[in-house]
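Biologist: Could you take me through the salt bridges of this model, and then show me what lies in its nonpolar interior? A close, connected look would be lovely.

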Amino acid sequence: MNWGPKDLAQAITNEVIAHESSFRKVSGKIRYGLEMMIILLYQVFIVLLLGSLFDLFFLTVLCLLSLSVFRMFSGGAHFSKFHHCLIASVMLIFTISFTSKYLSPMLDIIYWQLIAYPIVIFFVWRYAPILFKKEAAFSDLQKQQNKWISISIALFLMIVSLFIPKTYSIVIMQVLVYQTFTITPIGVFIIHSIDKILIKKEIDLNEKVSL
């Protein structure tokens with residue numbers, strides 16, 4: 001069996017339909033939901049495994065949770081292929097956790113928070129949510145709700161970061177800055193440009209292999 005999320009989700013969906021044909025009409029929604037769940041499970045497993053191996057477990061848990069919740073409502077640019085998204089997200093969470101641990105002794109966190117947090121709130125208010133293909137599924141009211149929920153989550157994380165150990169505060173600050181970057185025009189442009197380059201390289205590589 002192919003263990004890729006798309007193929008695995010399709011296989012499970014086929015099994016569900018085989019046992020209950022009435023689900024055939026919503027098979028697309030079932031497959032999509034399963035695929036997203038499988039991607040999330042893969043990501044969580046790999047991130048927590050790396051966190052455990054490098055003594056960063058609780059930092060990676062905080063990073064994963066805060067980033068996931070904030071991104072759920074603010075949206076943002078991402079890579080178009082599963083394995084690109086998986087590798088990028090794992091590298092991001094691991095990097096934030098790792099750098100937070102070793103930056104803690106040398107970083108004046110209050111100074112950076114005073115600079116970063118107002119900028120984060122402004123850009124979230126200005127650009128969130130960034131939905132791309134899902135935008136048509138949201139009404140203007142729902143988009144406004146997502147915007148204010150995004151701002152509320154950002155404010156909550158900022159307040160929490162003021163009362164927790166410095167290393168964990170740095171995790172939250174980096175999460176807020178990175179996720180906000182993904183909803184800005186320059187962030188969207190850079191991430192999508194990298195995505196196009198990666199896809200082109202894959203196509204070129206596949207063409208060479210097939211020759």
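**Salt bridges and cores**

Modeller: Happy to! In a salt bridge, the side chains of K81 and E202 come together with N and O 3.0 Å apart. Please keep in mind that this is a predicted model. K81 sits in the loop between α3 and α4, while E202 belongs to helix α8 (residues 185-210), so this pair ties together parts that are 121 residues apart in sequence. K81 is partly exposed, at 31% relative accessibility.

The structure holds two salt bridges, and D55 and K101 form one of them, with their closest N and O atoms 3.6 Å apart. Here helix α4 (residues 82-103) carries K101 and the loop between α2 (27-53) and α3 (57-74) carries D55, so parts 46 residues apart in sequence are tied together. K101 has a relative accessible area of 28%, which makes it partly exposed; D55 counts as exposed, at 61%.

Now for the interior. The largest nonpolar core has 19 residues, and those touching the most other members are F70, Y117, V124, M158, M173 and L176. Helices α5 (109-127), α6 (140-161) and α7 (166-181) each supply at least two residues of this core. F70 is a good place to zoom in: leaving aside neighbours within four places in sequence, F70 is in contact with V124, S150, I153, A154, L176, Q179 and T180. There is also a second, separate core of 14 residues, with L56, L59, L64 and I93 among them.

Notes:
Residues numbered from 1 in each chain as written. Predicted model: local features only at pLDDT ≥ 70, side-chain atom pairs only at ≥ 80, totals over all residues. Heavy atoms only, no water. Core = buried A, V, L, I, M, F, W, Y, C linked by side-chain atoms within 4.5 Å. Buried < 20%, exposed > 50% of the residue type's maximum accessible area, 1.4 Å probe, protein only. Helix = DSSP H or I, 4+ residues; strand = E, 2+ residues; numbered from the N terminus. Contact = heavy atoms within 4.5 Å. Salt bridge = Lys/Arg side-chain N within 4 Å of Asp/Glu carboxyl O.
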